[in-house]
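Please open the model in a viewer and set it to a cartoon representation. The tour below proceeds by selection, one element after another.

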Amino acid sequence: MGTALITGASSGLGEEYAWQLASAGHSLVLVARRKDRLDTLAASLRGATGVEVEVLVADLTQAKGVAEVARRLDVGSDPSTATECAPVGLLINNAGHGFQHSFVDNDLEQEERGLDLMVRAVMVLSHHAARSMRARGRGAILNVSSIASETGAGTYSAHKAWVKAFTEGLALELAGSGVSATCVMPGPTRTEFFENSGVQFHSLPAWAWSNSEQVVEESLQAVRRGQVLVTPHPASKAALALMRLAPRWVTRAVVRHVPHT
């Protein structure tokens, strides 16, 4: 099995990606800011599955942190050069966070950190991974977006819309190279994301929520098929379809009554 690098691996979807991939026999490179949580997760994964797990502590809102992860993705970019580390065959750009305030009321530095994390880091890491994988003739990139990409609700949805458009373009560029690009667009998912972001969605009915196991399983299946866009969970698929069919003014009117993420 190959090696997968997961950003935002210390909790939520990132942690679930780690467990499902380790259970399938993949070696892992876990990336996040919180070393204590990464070390705990890595020890649990090694003990339960026996796979090799690297821990790479990096803050992807900082250029230095992105550069450290990019160097790990460069391993294997020259197939004729022997390396001690296994090349990364699957990059999962999962790291992200929500915003507790609307754009105008939010702190600009926080907005810039969000842009660096959810746009700049995704672009830079995808660039390094795509070049390295293309040189070897195989690999996959999975970028985590959201159905919020269709809402036009604040900078979070703008970042996720960029991720979707970027992934579609990347998939076209990589066609025929042996490397694929997939974008997953989940809806509300029961993870730490909403608690950490301070966003309240308690009014949503139970059937509207997906769980991390389903999101991760369906997105990994899409990667194996070479599918470009995937939205797990029937309610999320329906919501996405309605937003695409409805006039944009209708979507904006509805979104006004939904908390910003």
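**Overall view**

Of the contacts in the protein with a separation of 6 or more, 67% are between residues 24 or more positions apart. The model is predicted. With the whole chain selected, the secondary structure comes to 9 helices and 9 strands. Of the 261 residues, 49% count as buried.

**The sheet**

Select the strands next. An open sheet is formed by 7 strands in the order β3-β2-β1-β4-β5-β6-β9, and the pairing is parallel. At the edges stand β3 (53-57) and β9 (229-230); each has a single partner strand, so one side of each lacks a neighbour in the sheet. Now add helix α2 (residues 35-49), which packs on the sheet and touches β2 (27-32) and β3. The direction of α2 makes about 175 degrees with that of β3.

**Strand β5 and its partners**

Move to strand β5, residues 139-144. Is this strand mostly covered or mostly open, and how many of its residues are buried? Strand β5 is mostly covered, with 6 of its 6 residues buried. In a regular strand, side chains alternate between the two faces of the sheet. To inspect both faces of β5, select G139, I141 and N143 for one side, then A140, L142 and V144 for the other; all of these are buried.

Strand β4 (residues 88-93) is joined to β5 by 4 bridges, and the two run parallel. Centre the view on A140 of β5, opposite which stands L90. Toward strand β6 (residues 179-184), β5 pairs in the parallel sense over 6 bridges. Here the bridge partner of A140 is S180.

**Helix α7 on the sheet and against α1**

Display α7 over these strands: this helix packs on the sheet, touching β4, β5, β6 and β9. Its direction makes about 150 degrees with that of β6.

Finally, show helix α1 (residues 12-23) together with helix α7 (residues 212-225). Their axes come within 9 Å and cross at roughly 60 degrees, which means that α1 is oblique to α7. The crossing in which α1 passes α7 is right-handed. To see the contact itself, select L13, E16, Y17, Q20 and L21 on α1, then S212, E213, V215, V216, E217, S219 and L220 on α7. How do the residues of this contact divide into nonpolar, polar and charged? There are 6 nonpolar, 3 polar and 3 charged residues in the contact of α1 with α7.

Definitions and conventions. Residues numbered from 1 in each chain as written. Predicted model: local features only at pLDDT ≥ 70, side-chain atom pairs only at ≥ 80, totals over all residues. Heavy atoms only, no water. Axes fitted to C-alpha atoms, helices over the stretch in contact; angles between N-to-C directions. Parallel < 35°, antiparallel > 145°, perpendicular 65-115°, else oblique. Left-handed = near helix turned anticlockwise from the far one by under 90°. Contact = heavy atoms within 4.5 Å. Nonpolar A, V, L, I, M, F, W, Y, C, P; charged D, E, K, R; others polar. Buried < 20%, exposed > 50% of the residue type's maximum accessible area, 1.4 Å probe, protein only. Pairing = 2+ DSSP bridges.
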